[in-house]
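Student: I would like to go through this structure slowly and ask, for each label, what grounds there are for using it. Could we look at it together?

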Amino acid sequence: MRDANPQTIYLNDYTVPDYLIHSVDLNFTLAEENTKVISRLTLSRNPASKSGDTALVLAGENLTLISVILNDDNELTDQHYLQTPDSLIIHEVPQHRNFVLTIENIINPKANTALEGLYLSNSMLCTQCEAEGFRKITYFLDRPDVMPQFTTTLIGDKDRYPVLLSNGNKIAQGELPDNRHWVTWEDPFNKPCYLFALVAGQLDCIEDSFITQSGRTISLQIFVEKQDLDKCAHAMQSLKNAMHWDEQVYGREYDLDLYMIVAVGHFNMGAMENKGLNVFNTKFVLARPDTATDSDYEHIEGVIGHEYFHNWTGNRITCRDWFQLSLKEGFTVFRDQEFTGDRTSKAVKRIEDVNNLRTRQFAEDAGPLAHPIRPHAYIEINNFYTLTVYEKGAEVVRMIHTLVGAEGFRKGSDLYFERHDGQAVTCDDFVNAMEAANAIDLTQFRLWYAQAGTPVLTVQQAYDAEAQTLTLTITQQCPPTPGQAVKEPMHMPVTVGLINKDGSIAPCKLQDLERGNERDEVILQLTQAEQTFIFEDLKEQPVLSILRGFSAPVKLIMERRLEELAFLLSHDSDTFNRWEAGQQLAGQIIAGLIADIQNNRPLQVNPIIITAFKQVIEQSWDDLSYFSLLLSLPSETYLAEQMQVVDVEAIHTAREFVLLALAEQLQEQFKTLYQDNHREESGVFDSGAIGRRRIKNICLAYLGRLEQAQIQQWSQQQFDAAKNMTDQMAALAVIVNSSHPARQQCLSNFYQQWQTEALVIDKWFALQASSHNPDTFTTVQALMQHPAFDLKNPNRVRSLIGAFSQANPLHFHAANGQGYQFLADQIIALNTLNPQVASRMLSALTTWRRYDQGRQALIKAQLERIMTTEDVSKDVYEVVSKSLA
Ligand code: 7MF
Ligand code: ZN
C-alpha cells in the first residue's frame with residue numbers, strides 16, 4: 001500500500017486555507033521524460049485563518065525538487081523546509097506582507113500512466129488536474145478555494161510541439177535557439193488550479209466563431225490529430241448550440257474571447273472543463289456518419305454542452321471543497337440533460353436518464369458504497385465522482401426546479417450567479433439562493449444533500465363511490481445505508497394525474513385547495529412518513545398516473561393489475577409514465593417467468609403483453625425514438641436491481657423468452673416496420689432519420705432472435721451496405737448475437753475496414769465482450785492478447801474489460817467464478833498503471849451481496865485477493881475495504 005493507513009478526510013474538518021495565492025506564473029520547458037516546471041507564486045497569510053501554525057504546507061506528488069527561492073534572492077535549503085512524499089513544508093514565511101516563492105521542479109510525463117497531472121497521449125502532452133492532479137505538476141495549495149490568477153509560458157521544440165496551448169488569451173510568443181519556440185498565455189479570471197490546463201503537440205484545428213447576445217465575437221477552435229480533422233464538424237455545431245442555449249435559458253454569456261477544445265485519445269473520463277481550454281476524450285468529439293452512431297452524436301452534443309455549461313456552474317462559481325462536488329456536477333448535469341432534451345426529444349431524454357439512474361445509481365445507493373450527494377468523508381476524492389453525486393445530484397436540482405417552477409428556478413439561478421460570481425461556495429449557498437428568490441422553505445429539502453439511500457414510496461388508493469373521492473395514502477421510508485441507520489422523511493414533489501376509463505383526463509381537485517382549483521395534474525408535496533391526499537368530484541374511479549416525469553428519485557411500490565398497466569400504456573398522456581407502464585407490465589411478466597424457471601414450471605408468456613405491444617405498433621407515431629423505447633424491454637441489469645437475490649441465468653432466460661415470443665407473434669408487424677423505415681441513407685443527424693434507424697433496428701433485433709434465413713440475409717445486407725455506423729453496428733450486433741453463418745467473417749471484415757479508427761475498434765471490442773453467445777469468455781480472453789488491446793488506454797479497458805464486467809451479467813457472473821478471477825487479475829494489473837481506472841473497474845464486484853451464496857463467496861475471495869496486492873492504491877483500497885466491511 002502506498003500509505004499503510006490511508007487517511008480519511010472529513011467535511012466537518014473543513015477550515016479556510018492558511019495562505020492565499022494571488023497570482024502564479026508558470027514556466028514549462030517541455031520534454032517527454034523531463035519537463036522542467038518553474039512556478040512563481042505570490043502569496044500571503046490568509047487573515048481569516050485561525051490556525052496557530054505558521055508553516056506553509058504545499059501539496060506535491062512525484063516531483064523532483066530542484067530549488068525553492070523566497071522573495072527572489074533567498075534560496076532556501078533543507079534547513080528551511082521539509083519534503084514528504086506528498087508535501088513541501090516551509091517552516092517560516094513572512095506573516096504580514098505578500099511574499100514570492102519560486103519553485104523549480106522536474107516531472108516525467110512519459111512515465112505517467114495514471115493520466116493525472118501532465119502526461120503523454122500518443123505524442124501529445126496534455127494535463128488533467130481535477131480533482132487533485134495539479135500537485136503532480138508542481139507544489140501548490142491544491143484546493144478549490146485557493147483561486148489565483150494564472151500566467152503560463154510554454155517552451156518546446158517547434159517540430160514536436162508546434163501547438164502550445166493553455167488557459168485564457170495568448171499574450172506573447174517568440175522564437176528560441178535550437179529550433180524551439182515559446183508562447184505565453186494569461187487567464188484574466190481567477191481560478192482554482194484544478195481548472196488549469198496545458199496542451200502541446202502536433203495538432204490541427206478547425207475554427208469557427210460565435211456572436212454572443214451582447215454582440216461580442218468569440219473565436220472557437222477544436223484541436224485534433226491531423227487524421228481526425230474530418231470528424232469535428234458536429235462537435236463545433238454542438239458548441240454553438242450550447243452557447244446559444246445557455247444565453248436563452250439561463251441568460252449566461254461566454255466570458256473570454258477564445259474557446260478551445262482539444263481531443264485526446266488517452267483520457268480517464270469523458271471530458272474536462274478547464275477554463276477556456278476544455279480537454280476531451282476523443283470519444284466525445286470525433287464523429288462522422290460512417291464512424292459514429294446516432295447515440296454517439298447525441299452524447300457528443302451532451303458532453304460538449306456539459307463542459308461548456310461548467311463555465312458558469314463550476315468555473316465562475318466553483319466549489320469551496322470537494323465535498324461540494326455536486327454543487328457543480330449535479331447542477332451541470334441537470335443543465336446538460338435539459339439542453340439535450342430541448343435539442344432532441346424531451347420524452348426520450350428523460351427516459352434515458354431515468355434508466356441510467358435506476359439501473360446504476362440505485363445499485364450504488366443500495367450497496368456498500370452508498371453516500372449522500374454531499375458525502376461527509378472520503379479517502380480518495382476520485383472515488384466520489386459517482387453516479388450519486390452526478391445523476392442523483394441532477395435529480396435533486398430537478399426537484400427544486402419542479403417545486404419552484406421554471407420561472408422561479410431562473411430567478412433562483414440569477415440570484416445564485418449574482419451573489420457568488422467569483423467565489424468558491426457550498427451546496428447550501430445554492431439552495432439558499434433558490435429559497436431566497438422564491439417564497440419556499442427548503443429546510444427539510446436540504447436532507448437530500450445529507451441522506452444516502454433511495455427512498456421507497458408505498459401508495460395505497462381507496463375510491464369512495466358515494467363521496468366521489470379518491471384517497472391516496474403515501475408512505476415514505478428510506479433504507480439504512482453504511483453509517484446511517486435511521487433516516488428522516490424528505491420533502492419531494494410527486495406529480496399526479498387521473499385518467500377516466502375512456503382515456504379522457506379526470507381533473508384533479510385536491511381537498512383543502514381552494515374551490516375551482518382543478519387541474520390536469522397536481523404536484524403533491526410529500527413531507528411526512530405517511531400522508532393522505534383526497535381528490536374530489538370523481539364520478540367514477542379514475543386510473544392513477546403517479547410520479548409523472550419521474551418527479552422524485554425514488555422506488556415506487558403500488559399494486560397494479562396487468563390490465564391497468566396495459567391501459568396506461570395506451571392512454572397515459574404523460575410520456576414518461578406511459579413508457580413506465582410498459583416497463584412494469586413487461587417487468588411483472590418476466591418476474592413471473594423467473595419464478596417459473598426457479599421452480600421448474602413450464603414457461604408461457606401472458607398474451608396481454610403481445611396485445612399491448614400490438615396496440616402500440618398500430619398507433620401512428622411522430623417521435624419514432626419514443627415509439628422504439630415503448631417496444632424495449634427492461635434491461636437485465638434493471639431486472640436484477642429489482643430482485644432480492646439476483647439470478648442472472650433466470651433473468652436472461654426469462655427476458656429472452658419474452659423477446660422471442662414477441663418476435664414470433666409480432667413478426668409480420670416487425671417486418672413491415674423494418675421495411676417501411678429501412679433506407680440505405682448516409683447518417684444524417686436529423687431527428688426523422690434517427691427515429692427511422694432506431695425503430696428499424698429494434699425490429700431487426702427482435703427478428704434476429706427468430707434465426708430465420710430471411711432475417712440473416714437482411715442483417716447481412718444491412719451490414720454490407722450501411723453508409724452509417726448506426727446501421728452497421730446494429731446489424732453486426734444482431735449477427736454476432738445469433739448463430740449467423742457469417743459471424744466471424746463479419747467481425748473480421750469490420751476490423752479490417754476500421755482498424756485505423758480507434759473509436760470504432762473500441763466498439764468492435766465492446767460488442768464481442770457484451771455478446772450473450774456461449775463462447776464469449778474465451779473470446780474476451782483472446783481479445784486481451786489482440787495487438788490492438790492496450791491496458792494503458794482507458795477507452796480500450798472500458799470497451800473490453802468494462803463491457804464484459806458491466807454489460808454482460810450472464811457471462812461475467814458465470815457460476816464457476818472465471819469472470820471474477822479474470823476481472824480481479826485485470827484490476828491488479830491496472831492498480832499500478834492507472835488507479836482511477838482500476839477503481840472504476842471494481843464496480844462489478846462491489847454488489848457481491850446481491851448474489852447467491854456460491855457467487856458471494858467467489859467474489860469475496862477475489863476482493864480479498866485484490867486487497868492483499870502489494871502497493872494497493874488509495875483508490876482501490878477505499879472501494880475494496882468498504883465493499884468488504
Ligand atoms: C457529462 O464533470 C456528464 C458527466 C470531471 C470528470 C466530466 O466535467 C466533468 C469533469 C467524470 C465523470 C463524468 C463526467 C465528467 C467527469 C461527465 C462528463 C460529461 N469535471 Br470523473
Ligand atoms: Zn462535470
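Tutor: Let us begin at ligand 1, where one of its oxygen atoms is 3.3 Å from an N or O atom in the side chain of His310. Please keep in mind throughout that this is a predicted model.

Student: What makes the pair formed by ligand 1 and the side chain of His310 a polar contact?

Tutor: A polar contact is a pair of N or O atoms within 3.5 Å. The oxygen atom of ligand 1 is 3.3 Å from an N or O atom of the His310 side chain, so the pair meets that cut-off and the name applies. The side chain of Lys328 has an N or O atom 3.4 Å from a nitrogen atom of ligand 1, and for the side chain of Glu329 the distance from such an atom to an oxygen atom of the ligand is 2.8 Å.

Student: How much of ligand 1 does the protein cover, and which elements give two or more residues to the shell around the ligand?

Tutor: On its own, ligand 1 has 460 Å² of accessible area, of which the protein covers 85%. Strand S20 (271-272), helix H2 (294-309) and helix H3 (325-343) are the elements that each give two or more residues to the shell, and H2 gives the most, with 3 residues. The shell holds 14 residues, the closest being Glu130, Glu273, Glu307, Glu329 and Tyr390, and by class it divides into 6 nonpolar, 2 polar and 6 charged residues.

Student: Glu130 is in that list of closest residues; what is the form of the peptide bond from Glu130 to Ala131?

Tutor: That bond is cis, with omega near 0°. Ala131 itself is found in the loop between strand S11 (124-128) and strand S12 (149-157).

Student: Why is Thr481 called buried?

Tutor: The term buried is kept for a relative accessible area under 20%, and Thr481 has a value of 8%, so the term is justified. Thr481 has its place in the loop between strand S26 (469-477) and strand S27 (492-499).

Student: What is the sign of phi in Leu547 and Phe550, and are these residues buried or exposed?

Tutor: Phi is positive in a residue other than glycine in both cases, near 65° for Leu547 and near 55° for Phe550. Leu547 lies in the loop between strand S31 (543-546) and strand S32 (555-557), and Phe550 is found in the loop between S31 and S32 as well. Set against the cut-off of 20%, the relative accessible area of 4% makes Leu547 buried, and the 2% of Phe550 leads to the conclusion that Phe550 is buried too.

Student: How do you know where empty space is left inside, and how many cavities are there?

Tutor: Rolling a probe the size of a water molecule over the atoms shows where empty space is left. A search of the whole structure finds 4 cavities of 30 Å³ or more, and the largest has a volume of about 50 Å³.

Student: Which helices supply at least two residues each to the lining of the largest cavity, and how does that lining divide by class?

Tutor: Helix H18 (743-754) and helix H20 (776-784) do so, and H18 gives the most, with 3 residues. The lining, which includes Arg743, Leu747 and Asp775, divides into 2 nonpolar, 5 polar and 2 charged residues.

Terms used: Residues are numbered from 1 along each chain as its sequence is written. Chains are lettered from A and ligands numbered from 1 in the order in which they are written. This is a predicted model: local features need pLDDT of at least 70, side-chain atom pairs count only at pLDDT 80 or more; totals for chains, interfaces and linings use all residues. Side-chain values use heavy atoms; hydrogens and water are left out. On a 1 Å grid over the protein atoms alone, a cavity is a set of points where a 1.4 Å probe fits but cannot get out, and a pocket is an open set with protein on both sides within 12 Å along at least five of seven lines; lining residues have an atom within 4 Å of a point. Grid points are joined across faces, edges and corners, and a volume is the space filled by probe spheres set on the points. Helices (H or I, at least four residues) and strands (E, at least two) are DSSP runs, numbered from the N terminus. Ala, Val, Leu, Ile, Met, Phe, Trp, Tyr, Cys and Pro count as nonpolar, Asp, Glu, Lys and Arg as charged, and the others, Gly among them, as polar. A residue is near a molecule or strand if one of its heavy atoms lies within 4 Å of it. A polar contact is a pair of N or O atoms within 3.5 Å; within protein, one must be able to donate a hydrogen and the other to accept it, and residues adjacent in sequence count only if both atoms are side-chain atoms. Accessible areas come from the Shrake-Rupley method with a 1.4 Å probe; for residues, only the protein chains shown count as cover. Buried means under 20% relative accessible area, exposed over 50%, partly exposed in between (1.4 Å probe, protein chains only).
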